[in-house]
Amino acid sequence: MTDVSLGMPQLPAPAYPAETRARLEKDAAELIGRYPDSRSALLPLLHLVQSEDGYVTRTGMQFCADVLGLTTAEVTAVATFYSMYRRKQCGDYQVGVCTNTLCAVMGGDAIFEALQEHLKVGNSETTEDGKVTLEHIECNAACDFAPVIMINWEFFDNQTIESAKQLVDDLRAGREVAPTRGAPLCDFKATSRILAGFPDERPGAVGATGGAGPASLAGLLLAKDESLAGQVIPPEKPRRPTGEEPATHPSSHDAPLPSSASDPKHPAGPIAEEGE
């Protein structure tokens, strides 16, 4: 008879050390105080515990449940729904390569494949040194800069296979890497704390920004009639003489129009029988 193992129920998540919990409780109280309903603070709290552990651990979810008066099932349902919350240990730098249509056509697919080979990792896998986690992203919302890579949610535009390889090599070597636009790069834990809603205290980080590119702005300028350059004006439709009624067409529910085969008055005339 084959033994059947029903498995053991999962033990409760271990608690944070007292000092860590006290520090997180202070931060959590500040976040919760921003909302009229405490459970609305769940998203920033998940970022908070992610900034502590580098990903959302069972201990982190239990902490969120405790301070918000929720069940762990309710917290888990949210943590597993959003891809921005990591459920396993990941690297200091999340390197996301856009493989949606435009970026893919412009080279995103080739970049992603090249980085997998270069780093010797698959999708959502981390390098052995714990520095880089590689993943493909459906859209970075920066199509006019395609192909685009995001590292810890900062933009690196107009990438090539070689520039992407250099980026990850620099990250692994500890060299400074500057985004194309936006705030200076920081590691994933620091990024998570900023996303939780705490200020970025690095000098000049808040003032750093980046705007949309010319391709993104062209449609906006035309919509505001601020620039007519390149505007396409469709040819004007011929107007009907005053008093003339528009032609009517039967819908799909009406009887079909007479064809040349059945209508002697049709310009093409009736179809003659073979041999006539």
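This is a guided tour of a predicted model, stop by stop, with what to select at each one.

**Ground rules**

Because the model is predicted, local features need pLDDT of at least 70 and side-chain atom pairs count only at pLDDT 80 or more, while totals for chains, interfaces and linings use all residues. Residues are numbered from 1 along each chain as its sequence is written, and side-chain values use heavy atoms, with hydrogens and water left out.

**Whole chain**

Start with the chain in cartoon view. The secondary structure comes to eight helices and five strands; helices (H or I, at least four residues) and strands (E, at least two) are DSSP runs, numbered from the N terminus. From the N terminus on, the order is α-α-α-α-β-α-β-β-β-β-α-α-α. Of the 276 residues, 34% count as buried, where buried means under 20% relative accessible area, exposed over 50%, and partly exposed in between (1.4 Å probe, protein chains only). Among contacts with a separation of 6 or more, 62% are between residues 24 or more positions apart; contact means heavy atoms within 4.5 Å.

**Strand β1 and its partners**

Select residues 93-98, which form strand β1; six of its six residues are buried. Tyr93, Val95 and Val97 are on one face and Gln94, Gly96 and Cys98 on the other, and both faces are covered.

Add residues 132-137, strand β3, which pairs with β1 in the parallel sense over six bridges. Two strands pair if DSSP finds at least two bridges between them. In this pairing Gln94 stands opposite Thr133.

Then add residues 149-151, strand β4, which pairs with β1 in the antiparallel sense over three bridges. Here Val95 stands opposite Ile151.

**Two nonpolar cores**

Next, show the side chains of Leu42, Leu45, Leu46, Leu48, Cys64, Leu68 and Val75, the residues with the most contacts inside the largest nonpolar core, which has 23 residues. A nonpolar core is a set of buried Ala, Val, Leu, Ile, Met, Phe, Trp, Tyr and Cys residues joined through side-chain atoms within 4.5 Å. Helices α1 (18-32), α2 (42-53), α3 (58-68) and α4 (72-79) each supply at least two residues of this core. A second, separate core of 19 residues includes Val95, Phe112, Leu115 and Val177.

Go back to Leu48 and list its neighbours. Leaving out residues up to four places away in sequence, Leu48 touches Leu24, Asp27, Ala28, Leu31, Arg193, Ala196 and Phe198.

**His47 and Phe188**

Select His47 in helix α2. His47 is buried, at a relative accessible area of 5%. Not counting residues up to four places away in sequence, His47 touches Met84, Tyr85, Ser192, Leu195 and Ala196.

Move to Phe188 in helix α7 (residues 188-196). Phe188 counts as buried because its relative accessibility is 3%. With residues up to four places away in sequence left out, Phe188 touches Gln50, Gly54, Met84, Arg86, Cys90, Gly91, Asp92, Gln94, Asn152 and Trp153. To check one of these, draw a C-alpha to C-alpha distance from Phe188 to Gln94: the two are 94 residues apart in sequence and 7.0 Å apart in space.

**Largest pocket**

Turn on the surface and select Ser83, Tyr85, Arg86, Arg87 and Ser124, which are the closest to the centre of the largest pocket among its 13 lining residues. The volume of this pocket is about 240 Å³. On a 1 Å grid over the protein atoms alone, a pocket is an open set of points where a 1.4 Å probe fits, with protein on both sides within 12 Å along at least five of seven lines; lining residues have an atom within 4 Å of a point. Grid points are joined across faces, edges and corners, and the volume is the space filled by probe spheres set on the points. The lining divides into three nonpolar, six polar and four charged residues.

**Backbone details in the loops**

Most residues other than glycine have a negative phi, and most peptide bonds are trans. Three places to select depart from this.

- Lys120, in the loop between α5 (101-119) and β2 (125-126), has a positive phi of about 60° and is exposed, at 73% relative accessible area.
- Ala141, in the loop between β3 and β4, has a positive phi near 55° and is exposed, at 67% relative accessible area.
- Pro147, also in the loop between β3 and β4, is joined to Ala146 by a cis peptide bond with omega of about -5°.

Note on methods
Nonpolar A, V, L, I, M, F, W, Y, C, P; charged D, E, K, R; others polar.
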